[in-house]
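This briefing introduces a protein model to a reader who is new to structural description. Please keep the sequence and the 3D structure in view while reading the points that follow.

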Amino acid sequence: SVQPSIALLKAEYLECDRISSQRRLSVHGMAYCKAVSDQVLQREFDGNLDLLLGWWRGERRLATIATDR
């Protein structure tokens with residue numbers, strides 16, 4: 001089966017983060033975002049949660065800078 005690209009998964013991960021910071025996710029939404037998170041963690045960061053969190057923090061900083069302009 002064809003897997004989604006890492007770029008797409010990372011974009012979806014950030015979208016899940018944005019939505020969940022604004023409102024509660026549905027059960028379906030939580031399951032989807034968990035699956036996306038698991039894929040990003042394993043495929044991009046070899047299961048290293050510290051690397052994932054470091055990337056996520058950097059992306060949040062970039063989003064904050066872009067929003068402040």
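The expected span of a helix is 1.5 Å times one less than its number of residues. By this yardstick helix α2, which has 19 residues (27-45), should reach 27 Å, and the 26 Å from its first C-alpha to its last is close to that value. The model described here is predicted. The points below begin with the overall picture, then take up the helices, the core, the aromatic rings and a loop residue.

**Overall picture**

- The protein contains three helices and zero strands, and from the N terminus on its elements run α-α-α.
- Taken along the principal axes, the C-alpha atoms fill a box of roughly 40 × 25 × 20 Å.
- Of the 69 residues in the protein, 23% are buried.
- Among contacts with a separation of 6 or more, 63% are between residues 24 or more positions apart.

**Confidence in the prediction**

- The average pLDDT of the protein is 94, and 99% of the residues score at least 70.
- Confidence is highest in α2, at a mean of 98, and lowest in α3, at 91.
- Where pLDDT is low, predicted coordinates should not be read in detail.

**Helix α2**

- Which residues of α2 are buried? They are Gly29, Cys33, Val36, Val40, Leu41 and Phe45.
- These residues lie on the same side of α2, because they cover an arc of only 135° around the axis.
- An α-helix has 3.6 residues a turn, so residues three or four places apart point the same way.
- On the face of α2 turned away from the buried side are the exposed residues Val27 and His28.
- The buried residues of α2 pack against two other helices, α1 (6-22) and α3 (49-68).

**Helix α1**

- The 17 residues of α1 should span 24 Å at 1.5 Å a residue, and the 25 Å between its end C-alpha atoms agrees with this.
- The buried residues in α1 are Ile6, Leu9, Lys10, Tyr13, Cys16, Asp17 and Ile19.
- These buried residues of α1 pack against α2 and α3.

**The nonpolar core**

- In soluble globular proteins, nonpolar side chains tend to be buried together.
- The largest nonpolar core here has 10 residues: Ile6, Leu9, Tyr13, Val36, Val40, Leu41, Phe45, Leu52, Trp55 and Trp56.
- Each of the helices α1, α2 and α3 supplies at least two residues of this core, and α2 gives the most, with four residues.
- Val40 shows how a single position meets its surroundings: leaving aside neighbours within four places in sequence, Val40 is in contact with Leu9, Lys10, Tyr13, Phe45 and Leu52.

**Aromatic rings**

- How many aromatic pairs are there? The count comes to two aromatic pairs.
- One pair, formed by Phe45 and Trp55, is tilted, with 6.0 Å centre to centre and 40° between the planes.
- This pair links distant parts of the chain, since Phe45 belongs to helix α2 and Trp55 to helix α3, 10 residues apart.
- Are Phe45 and Trp55 buried or exposed? Residues under 20% relative accessible area count as buried. Phe45, at 10%, is therefore buried, and Trp55, at 15% relative accessibility, is buried as well.
- Ring pairs join Tyr13, Phe45 and Trp55 into a cluster.

**After helix α2: Asp46 and Asp50**

- Where does Asp46 lie? Asp46 is found in the loop between α2 and α3, just after α2.
- Although Asp46 is not a glycine, this residue has a positive phi of about 50°.
- Residues over 50% relative accessible area count as exposed, so Asp46, at 69% relative accessibility, is exposed.
- Asp50 is part of helix α3 and is likewise exposed, with a relative accessible area of 63%.
- Asp50 and Met30 are 20 residues apart along the chain, and their C-alpha atoms are separated by 21 Å.

Terms used: Residues are numbered from 1 along each chain as its sequence is written. This is a predicted model: local features need pLDDT of at least 70, side-chain atom pairs count only at pLDDT 80 or more; totals for chains, interfaces and linings use all residues. Side-chain values use heavy atoms; hydrogens and water are left out. Buried means under 20% relative accessible area, exposed over 50%, partly exposed in between (1.4 Å probe, protein chains only). The arc is that of the directions from the helix axis to the C-beta atoms. Contact means heavy atoms within 4.5 Å. Rings of Phe, Tyr and Trp (its six-membered ring) pair if their centres lie within 6.5 Å; planes under 30 degrees apart count as stacked, over 60 as edge-to-face and the rest as tilted. pLDDT is the predictor's confidence in each residue, from 0 to 100. A nonpolar core is a set of buried Ala, Val, Leu, Ile, Met, Phe, Trp, Tyr and Cys residues joined through side-chain atoms within 4.5 Å.
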